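Subject: Structure handover

Hello,

Here is the structure I promised you. Please open it next to this email and follow along.

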Amino acid sequence: MRIALAEAQAAAERGEAPIGAVVADPATGEVIAKAGNGPIGAHDPTAHAEILALREAAAKLGNYRLTGLTLYVTLEPCAMCAGAISHARIGRLVFGAEDPKGGAVVSGPRFFEQPTCHWRPEVEGGLLAEESADLLRGFFRARRSRKPDPEAP
């Protein structure tokens, strides 16, 4: 999760929401992929940290099914990311802070509890939750406190 937090910090430095994700093999401890949020820079609404890390892991392993691997993410995944986690057959999901507004694992639609969900990972929430939440709060607080540029479109 510390690596995911570092990815989240790097995303914040790029002006992206500070969310980071890591795909790891629990059998070997190997970090297979890592990513920070990237929708703004990539001009891609699907470029969430989880999606980018899953894509990188699948490409590296040559298989879209990532069964047995663990995905660490600093914020509770949204519905889109929960769907991708299910399709990737991730074995275990570990997230930091809960997201009451946009989360879909323990908040909102509780994606993995739906009868239409075909694959449910083991889920653990709350790992380094305060650090994850503090990073997000600080990022958005700083954005709100900036004075708007009158010449910006």
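How much space lies in the largest pocket? About 550 Å³. Keep in mind that this is a predicted model.

**The pocket**

The lining of the largest pocket has 23 residues. Leu 75, Asp 99, Lys 101, Leu 136 and Phe 140 lie nearest the centre. By type, the lining splits into twelve nonpolar, eight charged and three polar residues. Which element gives the most to this lining? Helix H5, residues 129–145, with six residues.

**The chain as a whole**

The protein chain has five helices and five strands. In sequence order they run α-β-β-α-α-β-α-β-β-α. Along its principal axes, the C-alpha trace spans about 50 × 30 × 30 Å. The radius of gyration is 15 Å. A compact globule of 153 residues would come out near 15 Å, so the two agree.

Buried residues account for 44% of the 153. Now take the contacts between residues at least 6 apart in sequence. Of these, 57% join residues at least 24 apart.

**The core**

The largest nonpolar core holds 29 residues. Val 23, Leu 66, Ile 90 and Leu 93 have the most contacts inside it. Seven elements are worth selecting here: strands S1 (20–24), S2 (31–36) and S3 (70–75), along with H3, H4, S4 and H5, each supply at least two residues of this core. H3 gives the most, with five.

Start with Leu 66. Setting aside neighbours within four places in sequence, Leu 66 is in contact with Leu 54, Ala 57, Ala 58 and Leu 61. On the same terms, Leu 66 also contacts Ala 88, Arg 89, Ile 90 and Gly 91.

Arg 65 is next door, in the loop between H3 and S3. Is Arg 65 buried, exposed or partly exposed? Partly exposed, because its relative accessible area is 39%, which falls between the 20% and 50% cut-offs. Arg 65 touches Ala 88 and Arg 89, not counting residues up to four places away in sequence. His 87 is 22 residues from Arg 65 along the chain, yet their C-alpha atoms are separated by 7.4 Å.

**Helix H4 and what follows**

H4 covers residues 79–88. Its buried residues are Cys 81, Ala 82, Gly 83, Ile 85, Ser 86 and Ala 88. They pack against H3, S3 and S4. One general point helps when you look at the spacing: an α-helix has 3.6 residues a turn, so residues three or four places apart point the same way.

Arg 89 comes just after H4 and has a positive phi of about 60 degrees. Arg 89 is not a glycine. It is found in the loop between H4 and strand S4 (92–97). Arg 89 is buried, because its relative accessible area of 19% is under the 20% cut-off.

His 43 also has a positive phi without being a glycine, near 55 degrees. His 43 is found in the loop between helix H2 (39–42) and helix H3 (49–61). Is His 43 buried or exposed? Exposed, because its relative accessibility is 73% and the cut-off is over 50%.

**Two more residues to click on**

Thr 74 is found in strand S3. It is buried, with a relative accessible area of 1%. What does Thr 74 touch, not counting residues up to four places away in sequence? Met 1, Ala 4, Leu 5, Ala 8, Pro 18, Ile 19, Gly 20, Gly 96, Ala 97 and Ser 132.

Gly 38 is found in the loop between S2 and H2. At 10% relative accessibility, Gly 38 counts as buried. Its contacts, leaving aside neighbours within four places in sequence, are Glu 16, Ala 47 and Leu 52. Gly 38 and Arg 14 are 24 residues apart in sequence, and their C-alpha atoms are 8.6 Å apart in space.

**Where to look first**

Begin at the pocket, with Leu 75, Asp 99, Lys 101, Leu 136 and Phe 140 nearest its centre. Then go to the core at Val 23, Leu 66, Ile 90 and Leu 93. Finish with the positive phi values at His 43 and Arg 89.

Best wishes

Definitions and conventions
Residues are numbered from 1 along each chain as its sequence is written. This is a predicted model: local features need pLDDT of at least 70, side-chain atom pairs count only at pLDDT 80 or more; totals for chains, interfaces and linings use all residues. Side-chain values use heavy atoms; hydrogens and water are left out. On a 1 Å grid over the protein atoms alone, a cavity is a set of points where a 1.4 Å probe fits but cannot get out, and a pocket is an open set with protein on both sides within 12 Å along at least five of seven lines; lining residues have an atom within 4 Å of a point. Grid points are joined across faces, edges and corners, and a volume is the space filled by probe spheres set on the points. Helices (H or I, at least four residues) and strands (E, at least two) are DSSP runs, numbered from the N terminus. Ala, Val, Leu, Ile, Met, Phe, Trp, Tyr, Cys and Pro count as nonpolar, Asp, Glu, Lys and Arg as charged, and the others, Gly among them, as polar. Buried means under 20% relative accessible area, exposed over 50%, partly exposed in between (1.4 Å probe, protein chains only). A nonpolar core is a set of buried Ala, Val, Leu, Ile, Met, Phe, Trp, Tyr and Cys residues joined through side-chain atoms within 4.5 Å. Contact means heavy atoms within 4.5 Å. The radius of gyration is taken over C-alpha atoms; the globule rule is 2.2 Å times the number of residues to the power 0.38.
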